Amino acid sequence: MTFVRPRRLRSSHAIRELIAEVDLSEKDLIYPVFLLSEKDGKVPVQSMPGQNRVGLNILMKELGELVSLGLKGICLFPVVPDAQKSSDGVYSYNSDNFYLQAIAKIKEKYPELLVMTDVALDPYSTDGHDGIVDKKTGEILNDETLEVLVKMSLAQAQAGADIIGPSDMMDSRVGSIRKALENEGHKNTLIMSYTAKYASSFYGPFRDALDSAPKFGDKKTYQMDFRNSGEAIKEAMLDINEGADILMVKPAIAYLDIIAKLKARARLPISAYQVSGEYSMIKAAGMKGWLDSDGVFIESLTAIKRAGASVILSYYTAEFLKKLNS
Ligand code: PBG
């Protein structure tokens, strides 16, 4: 027997607290929100128990409480009515777009709260793809899509968004958006790039929430192959050179190795998105009484932070804030 006893460092609550390397806090979290065009609307997302699609008035009330509990940021996703959808997504930068108007209203009322946007065509697209589709071949057209993404990003920055979140995975979108932001006087607008976004089955419930599932095919010609990690590094290097401020890995819990790799190589903050499917799995098992879902949320979010993410997008954020303060 040696005199080394690892259990000494686990022997009391106080010593465990003293030596803990990471602690999850409200300062790490961004809350993703599904925004309805009806201001007083509130429609539960069936496949995401506890999450709702909400109109601006309802959201404003909720934010009042969450901001007072320490909420630092939200990421808004629009639930676009079918009548506003098209193949080219023009509604995304239309000045009477309810999403852009909401960003302005939220920033007016809560100037300290960070508002992050989503930049991609899928919520606005009749095809349910993140880019413009070639009608003949079904190809997702990269360079044609960039023009729309740039217009969308400028409209969002104009509305007051703090963080632009390109989630589309088109090549060179970060550079195109950064250049346009600089040219139009939005030099302090942050870009949190969805750098390593994998083609994942974990996005199912999100596509229900937004009614944005692809009408044909899948997203494998633009989102990354989950068998690979090398391209995550390539995408990270490109995004750094193109002017991204924060690099995101998505999904999170099945991609901790990718978070750790980017953290080790990039001198930029790393974020991770605990996506809809991750949320729903934990929730559903909790509702069945099969596990303690709060415990699993805290553990998985802490693991994501331990792997190297300093920002985490999670649907659990609101519950976390309420639990923390109760
Ligand atoms: C689409 C987008 C998706 C998510 C965020 N932005 C889905 C997709 O790529 O199909 C998923 C988020 C989640 O599952 O919570 N641009």
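In this predicted model, helices α8 and α10 run roughly parallel to each other, because their axes cross at roughly 30° and angles under 35 degrees count as roughly parallel. The axes of α8 and α10, the latter spanning residues 293-307, come within 8 Å. On the α8 side the contact is made by L256, I259, A260 and K263, and these meet A303, I304 and A307 of α10. By class, the contact of α8 with α10 has six nonpolar residues, no polar residues and one charged residue.

Helix α8 (residues 256-265) also packs with helix α7 (residues 230-242), and here the axes come within 10 Å and cross at roughly 40°. The two helices, α7 and α8, are therefore oblique to each other. The crossing in which α7 passes α8 is right-handed. From α7, the residues A232, I233, A236 and M237 take part, while α8 contributes I258, K261, L262 and R265. Sorted by class, the contact of α7 with α8 holds six nonpolar and two charged residues, with no polar ones.

Just ahead of α8 in the chain comes a backbone feature worth a look. The loop between β10 (246-250) and α8 contains P251, and the peptide bond from K250 to P251 is cis, with omega near -10°. K250 appears again in the description of the cavity below.

A third helix pair is formed by α4 (residues 142-159) and α5 (residues 173-183), whose axes lie 9 Å apart and make an angle of about 45°. That angle makes α4 oblique to α5. The crossing of α4 and α5 is right-handed. On α4 the contact involves L146, L149, V150, S153, L154 and A157, and on α5 it involves R173, S176, I177, A180 and L181. The residues of this contact divide into eight nonpolar, two polar and one charged. Before α5, the loop that follows β8 (163-164) holds M169. This residue, M169, is not a glycine, yet it has a positive phi of about 65°.

Turning to the empty space in the model, the count comes to one cavity of 30 Å³ or more. About 130 Å³ of space lies in the largest cavity. The lining of the largest cavity is made of 17 residues, and D122, K197, Y203, F206 and K250 are the closest to its centre. K250 is thus both part of the cis peptide bond with P251 and one of the residues closest to the centre of the largest cavity. By class, the lining of the largest cavity has seven nonpolar, three polar and seven charged residues.

The largest pocket offers about 270 Å³ of space. Its lining has 17 residues, of which Y31, G50, N52, E62 and A318 are the closest to the pocket centre. Four elements, β1 (29-35), β3 (52-54), α2 (56-68) and α11 (317-324), each give two or more residues to the lining of the largest pocket. The lining of this pocket comprises nine nonpolar, three polar and five charged residues.

Terms used:
Residues are numbered from 1 along each chain as its sequence is written. This is a predicted model: local features need pLDDT of at least 70, side-chain atom pairs count only at pLDDT 80 or more; totals for chains, interfaces and linings use all residues. Side-chain values use heavy atoms; hydrogens and water are left out. Axes are lines fitted to C-alpha atoms, for helices over the stretch in contact, and angles run from 0 to 180 degrees between N-to-C directions. Angles under 35 degrees count as roughly parallel, over 145 as roughly antiparallel, 65 to 115 as roughly perpendicular and the rest as oblique. A crossing is left-handed if the near helix is turned anticlockwise from the far one by less than a right angle, and right-handed if clockwise. Contact means heavy atoms within 4.5 Å. Ala, Val, Leu, Ile, Met, Phe, Trp, Tyr, Cys and Pro count as nonpolar, Asp, Glu, Lys and Arg as charged, and the others, Gly among them, as polar. On a 1 Å grid over the protein atoms alone, a cavity is a set of points where a 1.4 Å probe fits but cannot get out, and a pocket is an open set with protein on both sides within 12 Å along at least five of seven lines; lining residues have an atom within 4 Å of a point. Grid points are joined across faces, edges and corners, and a volume is the space filled by probe spheres set on the points.
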